[in-house]
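Grab your viewer and work through these exercises with the model open. Try each task before you read its solution.

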Amino acid sequence: MKWPRTLRGQLLASHVFVTLVGVALVAVFAGRTLTLSRIAEAEHSLEDVGFLVSNELEEPVKEYDEGETQAAADITAILARHARLGSPDLIVILPDGQIITAAGVTEPPGDLREEIEVRGALAGEDLHDIRRDSTGREMLYGAVPIEHESQVYGVLQLATPMAPVREQIARTLVVLIGVVLGVTALVGGVAWWLAESLARPIAHLTEAAGRMAEGRLDYPVPSSGNADEIRRLEQAFNEMARRLQALLDDQRMFVANASHELRTPLTSLKLRAEALRAGAYQDPEAGPKFMAEIESEIDRLTKMVNDLLDLSRIESGLDAAAAAPVELAQLAGEARDAFSVRAERAGVNLIVAVEGTPPPAAGNESHLRRLLDNLLDNAIRHTPSGGQVTIRVEAADDRRPTTDDSASAARRPSSIVHRPPSVTLTVSDTGSGIAPEYLPHVFERFYRGAASARHGGSGLGLSIVQSIARAYGGAVSAESELGRGTAIRVVLPAYR
């Protein structure tokens with residue numbers, strides 16, 4: 001017979017097999033012990049009768065040994081009386097080998113003085129033997145000496161059928177077999193329930209995994225496990241499905257937004273190309289204008305595609321680099337020099353403020369430079385002439401928000417925890433600010449509020465900032481107030 005291949009079958013078979021073997025071994029041991037106990041009980045009963053009758057035979061046997069003729073009749077009468085009372089078969093063996101039996105008892109052939117129990121009685125030992133008599137019956141034999149004042153005058157041999165003892169043993173074995181089968185059935189039922197309780201949630205998980213393979217993630221696994229481990233597995237599976245669904249939704253949204261963002265410049269390029277084909281390139285005013293607009297849209301597409309590639313590489317880990325110490329104060333000074341011409345043209349005052357001696361941040365210099373460039377690009381683009389953009393670098397308080405959700409700073413106080421040393425980079429401007437309803441979405445891909453749409457942003461800059469910060473264990477938050485400006489704060493772990 002093959003071993004079951006299903007979990008349910010294996011659990012049931014293993015429990016039943018182990019229980020059956022264990023209980024059977026116990027039953028065999030108990031059966032043997034009870035069998036020996038029944039035989040010992042029969043032997044003790046035989047001995048009690050033997051000592052009782054031997055006491056009555058003491059005087060008659062002594063008299064017989066002394067030559068009194070009436071003694072033989074007295075011995076026969078005592079044996080016959082006990083035979084009528086249902087005693088075992090009784091045989092008196094005299095020292096000369098003469099045999100005196102109870103009425104109706106078949107005398108065995110041969111010299112009984114050679115039997116093991118008789119020899120044991122003559123030697124002062126209590127010996128018993130189980131053998132068949134001359135009629136074929138299985139008998140239990142025993143013997144006791146007949147003695148007076150330490151002198152042995154004969155031996156009383158007793159024999160009782162083993163059939164009643166065997167019947168008692170058989171009844172006991174039937175009860176043991178019933179117990180074995182009952183316990184096995186009970187354990188089998190418990191094993192079936194246990195196997196079912198374990199196999200059912202696994203079957204649900206298998207079914208859910210099949211649905212997941214088909215792309216159906218909106219069917220949570222019902223909680224059906226009795227064990228904590230099964231419940232945790234179900235919860236983890238449902239959480240995985242939920243996150244996968246969120247990831248797929250995010251990807252679909254990303255593709256939809258990317259398609260939308262790419263459609264606009266592509267449509268513009270197509271319209272201008274059609275106009276040039278229709279002869280606008282010969283127009284001294286329209287031709288150069290359309291060519292300049294085409295170049296501008298191509299630059300915009302190139303930047304958007306590069307941003308998308310960078311964002312994808314950062315979030316997938318393909319662009320990950322080992323963290324190294326980066327001096328954000330030095331990086332801020334270099335960024336100020338790089339953006340100084342653009343800030344001057346926009347009429348924006350660009351300054352750097354370093355508080356104390358901040359520790360170096362843990363990160364990749366090129367990535368953090370990209371992060372700071374994106375923040376400055378946004379800040380200068382949204383700051384009107386005469387405004388100011390400030391780059392502030394400082395050692396961060398080890399008590400800082402547990403979330404990098406930009407809305408948390410504006411809408412509710414964050415929970416405070418103690419964390420390892422870190423450094424903060426804040427880029428603030430004095431622009432028009434962000435409305436409260438837009439603030440929770442500023443780090444979403446392609447999200448552009450009214451101000452961003454007016455200034456032509458792609459909506460990917462702050463997403464890249466957030467992805468870079470998270471890649472090195474940092475967090476990003478945004479604070480803004482209409483009419484007073486916006487501050488983007490990046491907290492990065494200090495290099496250790």
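Buried means under 20% relative accessible area, exposed over 50%, and partly exposed in between (1.4 Å probe, protein chains only). This is a predicted model, where local features need pLDDT of at least 70 and side-chain atom pairs count only at pLDDT 80 or more, while totals for chains, interfaces and linings use all residues. Residues are numbered from 1 along each chain as its sequence is written, and side-chain values use heavy atoms, with hydrogens and water left out.

**Exercise 1.** Find out which parts of the chain the salt bridge between glutamate 138 and arginine 166 links.

Step 1: check the contact. A salt bridge needs a side-chain nitrogen of Lys or Arg within 4 Å of a carboxyl oxygen of Asp or Glu. For glutamate 138 and arginine 166, the closest N and O atoms are 2.9 Å apart.

Step 2: place the partners. Glutamate 138 sits in strand β4 and arginine 166 in helix α4 (residues 163–213), so these distant parts of the chain, 28 residues apart, get linked. Helices (H or I, at least four residues) and strands (E, at least two) are DSSP runs, numbered from the N terminus.

Step 3: look at the cover. Glutamate 138 has a relative accessible area of 24%, so it's partly exposed. Arginine 166 is at 33% and also counts as partly exposed.

**Exercise 2.** Work out the strand order of the open sheet of 5 strands, and which strands stand at its edges.

Step 1: trace the pairing; two strands pair if DSSP finds at least two bridges between them. The order comes out as β2-β1-β5-β4-β3, with antiparallel pairing.

Step 2: spot the edges. β2 (99–101) and β3 (128–132) each have a single partner strand, so one side of each has no neighbour in the sheet.

Step 3: zoom in on one pair. β4 (residues 138–148) and β5 (residues 151–161) run antiparallel over 10 bridges, and isoleucine 146 stands opposite glycine 154 in β5.

**Exercise 3.** Decide whether helix α11 is largely enclosed or open, and say why.

Step 1: count. In α11 (residues 461–471), 9 of the 11 residues are buried, so the rest of the structure largely encloses this helix.

Step 2: name some of them. Among the buried ones are Leu462, Ile464, Val465 and Ile468.

Step 3: see what comes next. Glycine 473 follows α11, and its phi is positive, near 80 degrees.
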